[in-house]
Amino acid sequence: ANNLTGDIVDISLLGNLRYLEKLDLDSNSIVGNLTAFCLNFIQFSNLKYVDLRLNELTGSIPFEFCDIIGDMDLRVDCDIECNCCSHDVLCEEEECMDVPGWHD
């Protein structure tokens, strides 16, 4: 945790970081709608790992976005609908279970 606050949509301001490969923002106070965020997120084409868990995010990850990101390791909270996230590692079948501080 870095005690970061703000709206997830503002991350598009990082657009000049085209070579960014890892974005770990878990355990902060970031708010906003992930569905809207996905529309701006496509500009980060070199990202291989994104962790947005344990924030105040809502919405879902659109299925079309999953097709675009390919094999990126995308991690969001268990209550966020996402077909291409690492929920199988972070959530149990019956119950969501976030794992604070869990990293590869």
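Contact, in what follows, means heavy atoms within 4.5 Å. With that term settled, I turn to the structure itself, which is a predicted model.

I begin with the overall architecture. The protein chain has three helices and six strands. Read from the N terminus, these elements follow the order β-β-β-α-β-β-α-β-α. The chain comprises 104 residues, of which 39% count as buried. Its exposed surface amounts to about 6200 Å², and carbon and sulfur atoms supply 49% of that area. As for the contacts with a separation of 6 or more, 62% of them link residues 24 or more positions apart.

Let me move to the strands, and to strand 3 in particular, which covers residues 29-33. On one side, strand 3 is joined by three bridges to strand 1, residues 5-7, and the two run parallel. Within this pairing, Thr5 has Ser29 as its bridge partner. Strand 3 is also joined to strand 5, residues 56-58, again by three bridges and in parallel. Here Asn33 stands opposite Thr58.

Which residues of strand 3 point to the buried face? They are Ile30 and Gly32. Ser29, Val31 and Asn33 point to the other face and are not buried, so that the side chains alternate along the strand.

Next comes helix 1. Four of its residues, Leu34, Phe37, Cys38 and Phe41, are buried. Viewed down the helix axis, these buried residues fall within an arc of 110°, and they therefore line one face of the helix. What lies over them? The cover includes strand 2 (22-24), strand 3, strand 4 (49-51), strand 5 and helix 2.

This brings me to the largest nonpolar core, which holds 25 residues. The members that touch the most others are Leu34, Phe41, Val50, Leu52, Ile61, Leu74 and Val76. Helix 1, residues 34-41, and helix 2, residues 63-69, each supply at least two residues of this core. The greatest contribution is that of helix 1, with four residues.

I would single out Ile61 for a closer look. Leaving aside residues up to four places away in sequence, Ile61 touches Leu34, Cys38, Cys66, Leu74, Val76, Ile80, Glu81, Cys82, Cys84 and Cys85. Two of these partners, Leu34 and Cys38, are among the buried residues of helix 1.

My last topic is charge. How many salt bridges does the model contain? The count comes to two.

One of them pairs Arg53 with Asp51, whose closest N and O atoms are 2.6 Å apart. Arg53 is buried, with a relative accessible area of 0%. Asp51 likewise has a relative accessibility of 0% and counts as buried.

The other salt bridge is formed by the side chains of Arg75 and Asp73, with an N to O distance of 2.7 Å. Is Arg75 buried or exposed? At 3% relative accessibility, Arg75 counts as buried. Asp73 has a relative accessible area of 17%, and it is classed as buried because the cut-off lies at under 20%.

To close, I return to two points. Strand 3 pairs in parallel with strand 1 and with strand 5. Helix 1 gives the largest nonpolar core four residues, the most of any contribution, and its buried residues line one face.

Notes. Residues numbered from 1 in each chain as written. Predicted model: local features only at pLDDT ≥ 70, side-chain atom pairs only at ≥ 80, totals over all residues. Heavy atoms only, no water. Buried < 20%, exposed > 50% of the residue type's maximum accessible area, 1.4 Å probe, protein only. Pairing = 2+ DSSP bridges. Areas by Shrake-Rupley, 256 points an atom, 1.4 Å probe, with all protein chains shown as cover. Salt bridge = Lys/Arg side-chain N within 4 Å of Asp/Glu carboxyl O. Core = buried A, V, L, I, M, F, W, Y, C linked by side-chain atoms within 4.5 Å. Arc of directions from axis to C-beta.
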